[in-house]
Amino acid sequence: MRLLYLTLFVVYLQSAFGATHNLTLRFQPNTLQLVDSNTLPIVSIADTNTVHPFLGKFSLNDSLVLKVINADTLSHNFTIENYVNSSLISSYDSSYFYLKLNKEGTFIIFDEGVFPNNQYSSISGLLAVEQTNIKTYFWNVREFQSKWHQDTFTGAMNPLLYYPDYFTVNNLSNPNVDSHADSRVAGSVGDTIHLVIANTGLSIHSIHFHGYHLKTLNSSKHPETIGRSKDTFPLYPMEVLKLELIPDKPGVYPVHDHNLIGVTGGMFYPNGMFTTLRIVP
Ligand SMILES: [Cu+2]
């Protein structure tokens, strides 16, 4: 009987205070394959050795025991917006963080070191603390200037000479976004679909949806836009938007950066920030 009470008490604690998760993230020198034959040296921040942007999904009031290893030759400032405030981790050192996930939303994980070098040359991730059963897609969008990448590692990077030439959704460009199931939005007429878009680049991107209007549920930088229903959504650097899509008709409709240079890759159109929504009856 005493054991039963104890078990019930533990179940109560877990529902009231959330589960505890262990996670290890690593700053790792890496190579990003672009949509053409070009590659870029970058520093990934992820739980595995991948250049796909990290996405950690947890429930509100969960706890996170987070170990961050810096496997790079340079120091990095580990930051999670609203949770971890620019913690310096020396080369080949590590840090532990204990996070109580009591703030709902999606937050950018990035290197808040020397701006723009560190933020730019690191692949930013997302921490999603969402209390929902609704199907949610996550787009981590950004741009790259291929010539800049050698400069970021020698310190010669000049923000006044920024002319990006590759534009990505989750580090993929058209046509590869559509073949990535976690990136390509798919559903049925009448579904409620959420889409979180984070701009982890240095440029403004304006995402244009064909076929449907979406509603802004949240914006980390422009709360005055919450509740608006429209088809084009500007995203400022480091802004996170949460949108709601309830498709009213079936079809395959394009979504793209309305700044048309953003639909190119290595000067080729339409090899950039372009994907399609696939809605079935
Ligand atoms: Cu358009």
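## Working through a predicted fold

Buried residues account for 36% of the 281 residues in the protein. Keep in mind that this is a predicted model. Grab the structure and let's go.

**Exercise 1. Work out whether the radius of gyration of the protein agrees with that of a compact globule.**

Solution. Start with the chain length: for 281 residues, a compact globule would come out near 19 Å. Now take the value for the protein, which is 20 Å, so the two agree. For the outline, the C-alpha trace spans about 70 × 50 × 35 Å along its principal axes. Then look at who touches whom: of the contacts between residues at least 6 apart in sequence, 66% join residues at least 24 apart.

**Exercise 2. Find the edge strands of the open five-stranded sheet, and say why they count as edges.**

Solution. First, the inventory: the protein has three helices and 21 strands. Next, write down the order of the open sheet, 13-21-20-15-18, and note that its pairing is mixed. Strand 13 (186-188) and strand 18 (232-235) each have a single partner strand, so one side of each has no neighbour in the sheet. Direction ignored, neighbouring strands here are turned by 20° against each other on average.

Now zoom in on one edge. Strand 13 pairs with strand 21 (residues 274-280) in the parallel sense, over three bridges. To pin the pairing to a residue, pick Gly187: its bridge partner in strand 21 is Ile279. As a reminder, strands of a sheet pair through backbone hydrogen bonds, either parallel or antiparallel.

**Exercise 3. Decide whether Phe144 is buried or exposed, and list its contacts beyond four places in sequence.**

Solution. Locate Phe144 in strand 11 (residues 136-144). Count its C-beta neighbours inside 10 Å: there are 24. The cut-off for buried is 20 or more, so Phe144 counts as buried. Skipping neighbours within four places in sequence, Phe144 is in contact with Leu40, Pro164 and Tyr166. What about Leu161, 17 residues from Phe144 along the chain? The C-alpha atoms of that pair are separated by 13 Å.

**Exercise 4. Name the residues with the most contacts inside the largest nonpolar core, then trace the surroundings of Ile197.**

Solution. The general idea is that in soluble globular proteins, nonpolar side chains tend to be buried together. In this model the largest nonpolar core has 54 residues, and Ile109, Leu195 and Ile197 have the most contacts inside it. Take Ile197 and set aside its neighbours within four places in sequence: what remains in contact is Trp139, Val141, Ile207, Leu235, Leu241 and Leu243.

Definitions and conventions
Residues are numbered from 1 along each chain as its sequence is written. This is a predicted model: local features need pLDDT of at least 70, side-chain atom pairs count only at pLDDT 80 or more; totals for chains, interfaces and linings use all residues. Helices (H or I, at least four residues) and strands (E, at least two) are DSSP runs, numbered from the N terminus. The radius of gyration is taken over C-alpha atoms; the globule rule is 2.2 Å times the number of residues to the power 0.38. A residue is buried if 20 or more other C-beta atoms lie within 10 Å of its own, exposed if 12 or fewer, and partly exposed in between; C-beta atoms are placed from the backbone. Two residues are in contact if their C-beta atoms, placed from the backbone, lie within 7 Å. Two strands pair if DSSP finds at least two bridges between them. Axes are lines fitted to C-alpha atoms, for helices over the stretch in contact, and angles run from 0 to 180 degrees between N-to-C directions. A nonpolar core is a set of buried Ala, Val, Leu, Ile, Met, Phe, Trp, Tyr and Cys residues joined through C-beta atoms within 7 Å.
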